[in-house]
Amino acid sequence: MKWTWDKSDAVLMCGMVSAVGAMAVSTLVSCSCWLLFILLWGVFAGIYIISAALEVSPEGRCVLVTGCDSGFGLALALHLNNLGFRVFAGCLLAESGGEGAKQLRQVKSGKLHVLQLDVTSPKQISAAVEQVKKIMPKGEMLWGVVNNAGYSTYGEVEWVPIDIFNKALQVNTVGLIAVTKAFLPLVRKAKGRVVTISSGLARMAAPMRSPYIVSKYAVEGFCDCLRYEMRAWGVKVSIIEPGNFIAATNIFTKKGIEDTAEIMWKQMSEEVKKDYGRSHFRARVDLMKKYANTGDTDLSPVLHAFTEGLVQRFPQVRYNPMNLYFRARLFVATHLPEWVYERLYIQ
Ligand SMILES: NC(=O)c1ccc[n+]([C@@H]2O[C@H](COP(=O)([O-])OP(=O)(O)OC[C@H]3O[C@@H](n4cnc5c(N)ncnc54)[C@H](OP(=O)(O)O)[C@@H]3O)[C@@H](O)[C@H]2O)c1
């Protein structure tokens with residue numbers, strides 16, 4: 001079992017609960033508060049660590065991953081295949097010469113299958129379900145659906161055409177819901193897993209990112225509802241909330257940022273252009289281009305979180321593969337008053 005910041009958080013939480021419990025008990029019964037605290041913390045942390053280490057075997061289990069053309073999806077399809085899962089890698093460009101699909105097809109494995117899958121196409125989703133049923137050997141089960149496909153964009157609310165908001169919602173939210181619904185009957189039979197990537201930005205907003213952030217906040221709500229409903233079926237639902245790995249994937253490219261800037265400026269009303277001004281607009285676009293080079297370049301914390309969501313017998317509800325800066329920021333955003341977050345992080 002690999003130790004992560006999430007596990008340190010959980011052990012600290014056990015400590016806090018133990019401290020409260022020990023104080024309460026020692027006021028009622030005369031005993032050493034410190035001794036009881038250490039004892040309770042040891043027991044709770046031990047139970048947590050043992051349950052976190054229990055895993056299922058990949059043997060006979062299949063996983064569908066969306067968005068395997070690049071980034072996390074491509075790396076995850078290869079990683080899960082190496083672990084021994086049968087992987088159905090959904091690619092947007094499987095039938096039109098995409099590089100990711102080509103790379104996956106070169107892998108010499110009878111257990112890695114590339115599927116054409118645009119998550120916004122109901123026809124392609126139905127076809128993918130049929131293909132999975134056809135390819136999956138008797139005795140194997142669809143253990144997991146990994147919702148990874150995503151689209152990111154930027155811009156102040158008044159600059160972003162409604163079509164771009166629509167695209168973000170179609171790919172990141174509606175498409176994800178459609179894929180999940182289509183594969184759930186198979187996953188329910190397996191009492192399996194739905195593992196969905198949202199973002200650290202799905203629980204803390206930032207300016208210039210509204211089209212992406214609205215779609216990711218919605219994903220969190222969807223996954224929480226699904227988790228409550230699936231409890232009755234034995235299906236576990238986890239969310240991965242990564243920090244910034246932009247430099248390591250294709251989610252933001254300088255070309256994409258420039259292309260979007262052109263579309264936004266063209267479609268902006270004269271009134272909005274005049275009020276914001278070309279120089280402010282350009283300064284924000286240039287800032288985004290600098291942002292495209294930032295973030296962690298090692299994808300392994302995210303791959304590890306996806307894997308734990310699939311193999312841990314008792315998976316976490318949320319995994320936060322992020323560096324300390326984002327961890328602290330998420331803590332401030334979710335636990336402290338709103339004005340503290342704004343003072344510290346919003347210029
Ligand atoms: N990188 C980060 O810092 C970060 C942080 C938090 C969360 N995330 C999330 O992680 C997920 C993966 O992103 P990534 O960073 O690995 O970026 P990426 O390299 O751009 O991967 C996203 C993949 O989704 C594919 N895709 C886009 N539209 C699709 C559609 N309609 N149907 C199927 N696939 C589609 C993309 O294909 P094309 O390239 O051909 O368009 C691409 O292969 C996304 O959901 C993203 O929001 C990323």
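Against which helix do the buried residues of H1 pack?

## Helix H1 and its partner

In this predicted model, the buried residues of H1 pack against helix H2, which covers residues 33-53. The buried positions of H1 include Cys-14, Ser-18 and Ala-22. An α-helix has 3.6 residues a turn, so residues three or four places apart point the same way.

Helix H1 itself comprises 24 residues, from 5 to 28. At 1.5 Å a residue, a span of 34 Å is expected for H1, and the C-alpha atoms at the two ends are 35 Å apart, so the two values agree.

## The seven-stranded sheet

The model contains an open sheet of seven strands, arranged in the order S3-S2-S1-S4-S5-S6-S7 with parallel pairing. The edge positions are held by S3 and by strand S7 (318-319). Each of these has a single partner strand, so one side of each is left without a neighbour in the sheet.

Two parts of this sheet are described below: the end that carries S3, and the end that carries S7.

## The S3 edge

Strand S3 spans residues 112-116, and four of its five residues are buried, so that the strand is mostly covered. Its pairing is with strand S2 (residues 86-91), to which it is joined by five bridges, and the two strands run parallel. Within this pairing, Cys-91 stands opposite Gln-116 of S3.

The connection between these strands involves helix H4 (residues 99-105): S2, H4 and S3 together make a right-handed β-α-β unit.

## Strand S6 and the S7 edge

How many of the five residues of S6 are buried? The count is five of five, and the strand is mostly covered. Both faces of S6 contribute to this: Lys-236, Ser-238 and Ile-240 are buried on one side, and Val-237 and Ile-239 are buried on the other.

Strand S6 (residues 236-240) pairs in parallel with S7 through two bridges. Ile-240 has Tyr-319 of S7 as its bridge partner, and Ile-239 stands opposite Arg-318, also in S7. Strand S5 (residues 193-197) is likewise parallel to S6, and five bridges join S5 and S6. In that pairing, Ile-197 has Ile-240 of S6 as its bridge partner. Ile-240 therefore has a bridge partner in S7, namely Tyr-319, and is itself the partner of Ile-197, while its side of S6 is buried. A second right-handed β-α-β unit is formed by S5, helix H7 (residues 210-230) and S6.

## Surroundings of the ligand

Which residues come nearest to the ligand? Of the 30 residues around the ligand, these are Gly-67, Asp-69, Gly-71, Gly-150 and Thr-249. Two elements give two or more residues to this shell, namely helix H3 (71-83) and helix H6 (162-190). Of the contributing elements, H3 gives the most, with three residues.

By class, the shell holds 13 nonpolar residues, 15 polar residues and two charged residues.

## Loop positions

Two residues other than glycine have a positive phi: Lys-191, at about 50 degrees, and Met-208, near 75 degrees. Lys-191 is placed in the loop between H6 and S5, and Met-208 in the loop between S5 and H7. Both residues are partly exposed: Lys-191 has 13 other C-beta atoms within 10 Å, and Met-208 has 19. Because a residue is buried at 20 or more such atoms, the count places Met-208 outside the buried class.

Glu-156 is found in the loop between strand S4 (141-147) and H6. With 17 C-beta neighbours inside 10 Å, Glu-156 also counts as partly exposed. Glu-156 and Met-208 are 52 residues apart in sequence, yet their C-alpha atoms are 4.7 Å apart in space.

Is Gly-277 buried or exposed? Gly-277 is exposed, because 10 other C-beta atoms lie within 10 Å and the exposed class covers counts of 12 or fewer. Gly-277 is located in the loop between helix H9 (270-276) and helix H10 (278-291). From Gly-277 to Gly-144, the separation is 133 residues in sequence and 49 Å in space, C-alpha to C-alpha.

How values were computed:
Residues are numbered from 1 along each chain as its sequence is written. This is a predicted model: local features need pLDDT of at least 70, side-chain atom pairs count only at pLDDT 80 or more; totals for chains, interfaces and linings use all residues. A residue is near a molecule or strand if its C-beta atom, placed from the backbone, lies within 6 Å of it. Ala, Val, Leu, Ile, Met, Phe, Trp, Tyr, Cys and Pro count as nonpolar, Asp, Glu, Lys and Arg as charged, and the others, Gly among them, as polar. The expected span of a helix is 1.5 Å times one less than its number of residues. Two residues are in contact if their C-beta atoms, placed from the backbone, lie within 7 Å. Two strands pair if DSSP finds at least two bridges between them. A crossover is right-handed if, with the strands pointing away from the viewer, the path from the first strand over the helix to the second runs clockwise.
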